[in-house]
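Notebook open, structure loading. I'll jot down what I look up as I go.

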Amino acid sequence: MRTMAVDYGDARTGIAVSDLTGSICGEAWTIEEWNPERLSVKISEEAKRRDVDTIVLGLPKNMDGTEGPRAEKSRHFKELLEKESGLCIILWDERRTSVEAHAILHANGKKEKKHRKTVDAVAASLILESYLG
């Protein structure tokens with residue numbers, strides 16, 4: 001079975017899925033959807049299609065470890081996703097993943113304007129790699 005990581009966003013959400021052995025990231029992409037209910041359906045369908053048994057949802061914490069409004073949105077989305085998918089949803093500290101994702105894209109020669117299309121997928125990959133490690 002596979003593990004899926006989700007970098008939840010308001011308009012674009014990054015998704016990463018492990019390989020069959022559950023040891024590395026196998027693929028990553030983004031889903032453009034602003035409606036949380038529709039997004040939870042789309043993610044659940046992708047999880048089922050790929051035989052995912054665990055979903056790791058990024059929990060955005062402040063640098064001092066406290067939680068703000070974004071963390072509350074993630075907790076609410078966790079409930080939606082659990083109901084829709086029937087899977088175990090694990091909240092995972094995602095501090096600095098977006099910053100690291102931008103740095104990775106920049107180091108690989110991607111222009112800043114083009115980061116928006118892929119940064120969420122890279123961030124989801126970082127969440128997944130952190131969880132699997």
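Which residue just after α1 takes a positive phi? I checked, and aspartate 51 does, at about 55 degrees.

Note to self: this is a predicted model, where local features need pLDDT of at least 70 and side-chain atom pairs count only at pLDDT 80 or more, while totals for chains, interfaces and linings use all residues. Residues are numbered from 1 along each chain as its sequence is written, and side-chain values use heavy atoms, with hydrogens and water left out.

**Helix α1**

I looked up α1 (helices are DSSP runs of H or I, at least four residues; strands are runs of E, at least two; both are numbered from the N terminus). It covers residues 36–49 and reaches 20 Å from first C-alpha to last, close to the 20 Å expected at 1.5 Å a residue (1.5 Å times one less than the number of residues).

Next I checked burial (buried is under 20% relative accessible area, exposed over 50%, partly exposed in between, with a 1.4 Å probe and protein chains only). In α1, I found Leu39, Ser40, Ile43, Ser44, Glu46 and Ala47 buried. They fall within an arc of 165 degrees seen down the axis of α1, so they line one face of the helix (the arc uses directions from the helix axis to the C-beta atoms). On the other side, Lys48 and Arg49 are exposed.

**Aspartate 120**

I then went to helix α4 (residues 112–132), where aspartate 120 sits. Aspartate 120 counts as buried because its relative accessibility is 14%. Its side chain makes a polar contact of 3.3 Å with that of arginine 12 (N or O atoms within 3.5 Å; within protein, one must be able to donate a hydrogen and the other to accept it, and residues adjacent in sequence count only if both atoms are side-chain atoms).
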